[in-house]
Amino acid sequence: MSIFAQRVETFGTTIFTEINVLAQQYNALNLGQGKPDFDTPADIVAELVKAAQSGQLNQYAPGPGVASLRQAVANHAARFYGLNIDPDQGVIVTAGATEGLLSCVLGLVNPGDEVIVIEPFYDSYVPNILMAGATPVFVPLHPPTWTFDPAELRAAFSSRTKALILNSPHNPTGRVFTREELSLIADLCIEHDVLVINDEVYEHLTLGDAHYVPIATLPGMFERTVTVSSSGKTFSATGWKIGWAYGHPAVLEGVARAHQFTIFAVHHPTQEAVAYALNQSDHYYDEFRSMYEGKMRLLMDALDGSGLKYRAPEGTYFIMADFSDVFKGMPRDFTHHLIKEIGVACIPPESMYSRDHVHIGRDYVRFSFCKSDEALLQAKKLLGKLRA
């Protein structure tokens with residue numbers, strides 16, 4: 001008899017842990033996990049210190065989140081997307097987007113339901129669905145443009161479909177879905193009475209001419225969308241684990257019921273610091289995008305000299321690169337080769353695909369450019385060995 005519960009029997013060590021350990025073992029430059037190697041802006045950190053030293057905020061926060069952060073989330077949604085969010089009934093503060101997504105699935109999806117997942121996917125989506133006793137149904141993005149086939153999307157909907165998990169800007173491909181693509185998703189969700197769990201953690205990380213459109217802003221979608229985001233990516237504070245879910249109070253009620261019995265409350269002082277951060281001026285958000293435009297160019301320059309092929313991302317801080325011209329084998333094999341022989345770590349996407357579709361990404365790996373300029377310049381020297 002297995003010691004493990006059946007709901008976790010198939011869950012192994014995440015690919016991020018595996019690659020981080022291997023990169024450390026071989027002292028490789030780690031362009032794998034999406035974790036900045038530079039710090040959170042000093043003024044935002046100062047707000048955290050001030051809150052922790054105030055003597056008032058080191059006990060439990062309110063379960064749904066502190067009033068200042070819930071108001072800041074509502075103000076942010078109004079400022080950038082024109083959404084009218086109730087800060088009291090329409091916002092829940094979560095332990096990062098990961099817990100927010102889990103609470104969405106546990107609070108909105110029943111055993112026996114189906115949940116549509118666009119792949120490649122962030123690795124927590126499918127375990128969340130399985131723990132809820134539901135069934136994931138997969139719709140692949142096809143390289144090199146990373147677009148979905150409308151017919152495959154339509155075929156994924158059934159009478160059992162309860163929700164669709166959407167991620168744009170999309171990790172790991174860097175796609176930002178167009179209004180036309182989102183409109184098709186919205187039309188199908190309305191037709192089949194399906195909820196959308198919208199993961200927008202890279203909402204401010206659009207690149208070039210790409211423009212992020214929240215699906216909740218499309219006609220008929222606000223009432224059936226719960227949106228999840230976090231402070232980690234936008235403020236280079238992935239260790240703070242402060243996220244949120246927002247939407248119509250009728251949808252948020254289910255999320256809140258799950259949240260209260262998973263985390264209950266999130267770190268109190270940090271919530272105040274994130275409330276301050278969300279209210280940053282337009283200048284901050286413009287400089288944030290400009291910084292990542294520069295880092296993207298540095299990584300693309302490194303890839304140009306390596307023999308790897310890629311499509312410039314429209315968002316996120318990831319690039320999917322095709323290694324088929326320089327290595328024959330599966331992505332995990334190439335990743336191990338790159339770490340051990342070249343000295344650079346990346347993420348193989350096998351765990352981001354269903355078994356039936358893993359062949360679609362068989363020639364690709366994911367590189368992250370949320371690193372110092374010095375690290376990205378070093379990557380150019382190291383990756384140049386591939387071509388040689």
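Me: How do strands β3 (residues 114-119) and β6 (residues 161-167) run, and how many bridges join them?

Reply: Count the bridges, then check the direction. The strands β3 and β6 run parallel, with 4 bridges joining them. That clears the bar for pairing, which is at least two bridges. For one concrete spot, take Glu 114: its bridge partner in β6 is Thr 161. Keep in mind that this is a predicted model.

Me: What is the strand order of the open sheet?

Reply: Read across from one partner to the next. The sheet has 8 strands in the order β2-β9-β8-β7-β6-β3-β4-β5, and the pairing is mixed. Its edges are β2 and β5 (147-148), each of which has a single partner strand, so each has one side without a neighbour in the sheet.

Me: Back at β2, how many bridges join that strand to β9?

Reply: There are 4 bridges between β2 and β9 (residues 243-247), and these two strands run antiparallel. Opposite Ile 92 you'll find Ala 245 in β9.

Me: And which residues of β2 (residues 91-94) point which way?

Reply: Sort the side chains by direction, then ask about burial. Val 91 and Val 93 point one way, while Ile 92 and Thr 94 point the other. All of them are buried, that is, under 20% relative accessible area.

Me: Now a helix. Which residues of α1 are buried?

Reply: List them, then see where they sit around the axis. In α1, the buried ones are Ile 15, Phe 16, Ile 19, Leu 22 and Ala 23. They span an arc of only 135° around the axis, and therefore they share the same side of α1. On the face turned away from that buried side are the exposed residues Gln 24 and Gln 25.

Me: What covers the buried residues of α1?

Reply: The cover includes β1 (29-30), α11 (331-342), β12 (344-345) and β13 (364-368). After α1 comes Asn 27, and its phi is positive, near 55°.

Me: Let's pick one residue from that cover. Is Ala 345 buried or exposed?

Reply: Start with the relative accessible area. For Ala 345 the value is 0%, which means this residue is buried. Ala 345 lies in strand β12. Next, look for contacts beyond the neighbours within four places in sequence: Ala 345 touches Ile 19, Ala 23, Ala 28, Leu 29, Asn 30, Leu 31, Gly 32 and Ile 339. Ile 19 and Ala 23 are among the buried residues of α1.

Me: How far apart are Ala 345 and Leu 106, in sequence and in space?

Reply: The two are 239 residues apart in sequence, and 34 Å apart from C-alpha to C-alpha.

Me: On to open spaces. What volume does the largest pocket have?

Reply: About 770 Å³. With a pocket, go from volume to lining to chemistry. Here 23 residues do the lining, and the closest to the centre are Thr 10, Phe 121, Val 126, Pro 127 and Ser 351. Two elements, α1 (15-25) and α5 (125-131), give two or more residues each. The most come from α5, with 3 residues. By class, the lining holds 9 nonpolar, 8 polar and 6 charged residues.

Me: Which residues lie nearest the centre of the second largest pocket?

Reply: Gly 34, Thr 98, Tyr 122, Lys 233 and Lys 241, out of 27 lining residues. The elements giving two or more residues are α1 and α4 (96-108), and α4 gives the most, with 4. This pocket has a volume of about 500 Å³. Its lining splits into 9 nonpolar, 12 polar and 6 charged residues.

Me: How many cavities of 30 Å³ or more does a search of the whole structure find?

Reply: The search finds 1. A cavity differs from a pocket in that the probe fits but cannot get out. The largest cavity has a volume of about 30 Å³.

Me: Which residues line the largest cavity?

Reply: They are Val 73, His 76, Tyr 81, Glu 200, Glu 203, Ser 229, Trp 244 and Tyr 246. Two elements, α3 (67-81) and β9, contribute two or more residues, with the largest share, 3 residues, coming from α3. Sorted by class, the cavity lining has 4 nonpolar, 2 polar and 2 charged residues. As for β9, that is also the strand joined to β2 by 4 bridges.

Definitions and conventions:
Residues are numbered from 1 along each chain as its sequence is written. This is a predicted model: local features need pLDDT of at least 70, side-chain atom pairs count only at pLDDT 80 or more; totals for chains, interfaces and linings use all residues. Side-chain values use heavy atoms; hydrogens and water are left out. On a 1 Å grid over the protein atoms alone, a cavity is a set of points where a 1.4 Å probe fits but cannot get out, and a pocket is an open set with protein on both sides within 12 Å along at least five of seven lines; lining residues have an atom within 4 Å of a point. Grid points are joined across faces, edges and corners, and a volume is the space filled by probe spheres set on the points. Ala, Val, Leu, Ile, Met, Phe, Trp, Tyr, Cys and Pro count as nonpolar, Asp, Glu, Lys and Arg as charged, and the others, Gly among them, as polar. Buried means under 20% relative accessible area, exposed over 50%, partly exposed in between (1.4 Å probe, protein chains only). The arc is that of the directions from the helix axis to the C-beta atoms. Contact means heavy atoms within 4.5 Å.
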